[in-house]
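Welcome, and thank you for taking a look at this structure. Let us walk through it together, beginning at the ligand and ending with how far the model can be trusted.

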Amino acid sequence: MSRKASDNVEYTLRSLSNLMGEKRRRQADGSAGSGAAAGERSLIAAESCSSLNSAASGGELERAARRQFQQDETPGFVYVVSVFSALGGFLFGYDTGVVSGALLLLKRELNLDALWQELLVSSTVGAAALSALAGGVLNGLCGRRPCILLASGLFTAGSGVLAAARDKETLLAGRVVVGLGIGVASMTVPVYIAEVAPPHLRGRLVTINTLFITGGQFFASVVDGIFSYLAKDGWRYMLGLSAVPAVIQFLGFLFLPESPRWLIQKGQTQRARRILSQMRGNQAIDEEYDSIKNNIEEEEKEVGAAGPVICRMLTYPPTRRALIVGCGLQMFQQLSGINTVMYYSATILQMSGVEDDRLAIWLAALTAFINFVFTLVGVWLVERMGRRKLTLGSLTGTAVALIILASGFLLSAQVSPRITLNPTDPSHQNSTCTKYSYCNGCMLDPDCGLCYKLNKSSVVESSCIPVDKHSTMKAAWGRCSNESIFKKEDLFWAYNFCPTPYSWTALLGLILYLVFFAPGMGPMPWTVNSEIYPLWARSTGNACSSGVNWVFNVLVSLTFLHTAEYLTYYGAFFLYAGFAALGLVFIYGCLPETKGKKLEEIESLFENRLCTCGMSDSDEGRYIEYIRVKGSNYHLSDNDASDVE
Ligand SMILES: O[C@H]1[C@H](O)[C@@H](O)[C@H](O)[C@@H](O)[C@H]1O
């Protein structure tokens with residue numbers, strides 16, 4: 001639909017191998033030819049089929065040409081702009097991650113009950129879901145830059161309120177403000193980066209945003225670790241520190257430009273051209289500029305401009321299909337259980353033999369670190385493997401890892417130690433803990449823990465005792481109620497887990513989970529969503545898909561403990577593995593490859609039937625590349641190597 005050339009345009013159809021031959025000849029001829037051709041523009045529609053016998057050498061040459069072309073042309077400014085925007089991702093990660101450590105201190109200092117703890121965590125995620133949805137309208141009306149400024153303003157204000165809070169109501173207000181910032185940032189930043197990035201770097205630069213999210217989560221867990229030693233007011237530093245990157249981003253964005261694509265859409269063409277040339281350095285911007293402009297005009301003709309964007313998206317098949325793919329990706333990201341795996345990581349690590357409870361917070365940092373490092377692998381892979389293969393590979397590994405993780409819990413449950421002692425509560429209070437005969441039941445009850453001794457590696461002298469109300473690291477009464485004493489007596493306290501010889505299986509599952517999830521399923525839903533909608537539908541499409549991400553985030557994290565209670569832990573992880581398998585079928589069927597394509601070209605990937613299993617767009621399949629010929633106003637070729645004069 002978007003590729004319509006004017007009638008007077010001359011098309012030539014050649015095979016890509018011819019094209020590459022031409023290019024080789026030109027290189028041999030030196031600069032003479034290129035000088036002569038400087039004023040001319042060519043349009044060639046080059047068709048290549050997988051059957052081309054010169055594909056291998058042509059491919060090599062094409063890659064080399066792309067590399068050279070690309071290296072020369074990308075100015076550092078694009079990176080600066082991307083990093084400043086990705087601070088939004090960092091704050092998203094930091095503010096969602098920091099709260100668990102802060103709560104440990106807060107619940108003691110402000111006497112928070114379970115409901116208030118829950119409120120402080122989920123209010124942020126809930127507010128993020130709402131503001132991500134509202135962010136679509138704001139983005140369309142005011143532009144990307146004001147939205148990023150708004151988000152960093154909200155982050156700054158929210159962290160100020162949190163750091164200064166005197167009571168739990170103020171804390172709640174602060175967490176809501178921060179959540180509003182997270183929602184706006186989570187939907188705006190990927191869109192903004194995708195719109196300023198050149199096509200060959202787009203995937204990598206948008207994925208850097210998710211790297212910043214996981215970096216923020218890692219940094220938050222380190223800050224939690226450090227300030228957890230500061231029992232009084234440590235939480236103020238934890239929650240307040242995010243003001244620093246927020247202020248940096250705010251100041252930076254006072255000087256950074258608006259997205260040129262949004263400006264063109266709003267008719268501010270002079271400004272858009274200026275910004276586009278800043279972003280592209282020496283590279284001529286005419287083609288890209290024309291391409292964006294013509295695309296907008298064509299789309300307005302085709303889809304019309306009347307009625308709410310979401311209605312137009314739903315009634316126009318290509319955008320409807322893109323929306324299904326985008327929201328589906330975000331839903332399956334959350335349904336594969338990333339946030340419960342992260343949340344439960346410290347316990348899984350403890351299960352595997354780490355005995356010092358004080359380490360729990362640092363163990364969570366270790367998990368966040370693995371998530372961060374492997375997101376970096378994703379940044380490296382995204383432009384090499386492409387989005388589709390990376391996501392498919394990642395989700396397959398994630399599903400297998402979930403099965404291993406669940407099996408670890410299953411094996412542990414099957415050899416769950418028997419409870420051998422039943423001491424009576426000195427205060428004679430009724431407790432559910434006495435009714436369990438095996439550790440497995442005791443561990444699933446949030447009010448109880450197991451106090452035991454080890455004889456070689458088997459559990460002996462075990463009892464199920466109520467957990468201390470103020471710390472899950474010790475029992476409320478009895479042998480395990482005083483940490484320094486019970487450790488001296490070779491006693492152990494297990495809260496939320498059972499010591500078994502199979503615990504390492506869960507640890508293996510956890511590590512594999514992060515190794516596979518982080519490079520693909522973590523970043524790709526955000527990256528793909530920033531690319532698949534045409535300009536008129538981009539803010540709304542991203543608002544909806546980010547909203548879906550946050551809604552499923554809340555659903556999965558809020559239901560985890562209940563799911564574990566009804567299905568047990570292994571049941572819960574098998575359930576996530578089932579969702580991951582469903583996601584795999586969906587992604588295999590419906591996710592097209594967007595690597596290296598211009599944003600304006602991507603819409604055509606959704607013109608045909610939705611689920612073609614990647615056939616319509618695969619690199620191996622039929623591939624038409626349009627290149628300019630002689631003075632035409634046609635424009636489709638900054639798909640790099642095709643830039644033949
Ligand atoms: O892409 C991110 C990332 O994977 C985070 O680690 C996770 O906490 C978020 O929920 C997700 O959206």
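Helix α9 gives three residues to the shell around the ligand, the largest share. This is a predicted model, so please keep that in mind as we go.

**Around the ligand**

Three helices each supply at least two residues of the shell: α9 (199-227), α16 (317-335) and α24 (535-590). If you would like to find the whole shell in the viewer, look for T210, T214, Q217, Q333, Q334, N339, N371, F517, G522, W526, N549 and N553, which surround the ligand. What kinds of residue make up this shell, by class? Ten are polar and two are nonpolar, while no charged residues take part.

Some members of the shell place an N or O atom close enough to an oxygen atom of the ligand to count as a polar contact, for which the cut-off is 3.5 Å. Here are three such pairs:

| Residue | Part of the residue | Distance to a ligand oxygen atom |
|---|---|---|
| Q333 | polar side-chain atom | 2.9 Å |
| Q334 | side-chain N or O atom | 3.0 Å |
| G522 | backbone N or O atom | 2.8 Å |

How much of the ligand does the protein bury? Taken alone, the ligand exposes 300 Å², and 98% of that is buried by the protein.

**A hairpin to look for**

Now turn to strands β3 (residues 448-455) and β4 (residues 458-466), which run antiparallel and are joined by seven bridges. Within this pairing, L450 of the hairpin stands opposite C464 in β4. Two residues lie between the strands of the hairpin, and K456 in the turn has a positive phi of about 55°.

**How confident is the model?**

The mean pLDDT of the protein is 81, with 80% of its residues reaching 70 or more. Where is confidence highest, and where is it lowest? Helix α7 (residues 144-164) has the highest value, at 97, whereas strand β1 (residues 13-15) has the lowest, at a mean of 30.

Two stretches call for care. Over residues 1-58 the pLDDT is below 50, and this stretch has 108 contacts in the model beyond near neighbours in sequence. Residues 617-645 also have pLDDT below 50, with 107 contacts counted in that way. Where pLDDT is low, the predicted coordinates should not be read in detail. For the model as a whole, the scores are ipTM 0.98 and pTM 0.77.

Technical notes
Residues numbered from 1 in each chain as written. Heavy atoms only, no water. Near = heavy atom within 4 Å. Polar contact = N/O pair within 3.5 Å; in protein donor to acceptor, adjacent residues only side chain to side chain. Areas by Shrake-Rupley, 256 points an atom, 1.4 Å probe, with all protein chains shown as cover. Helix = DSSP H or I, 4+ residues; strand = E, 2+ residues; numbered from the N terminus. Nonpolar A, V, L, I, M, F, W, Y, C, P; charged D, E, K, R; others polar. pLDDT = per-residue confidence, 0-100. Contact = heavy atoms within 4.5 Å. Pairing = 2+ DSSP bridges.
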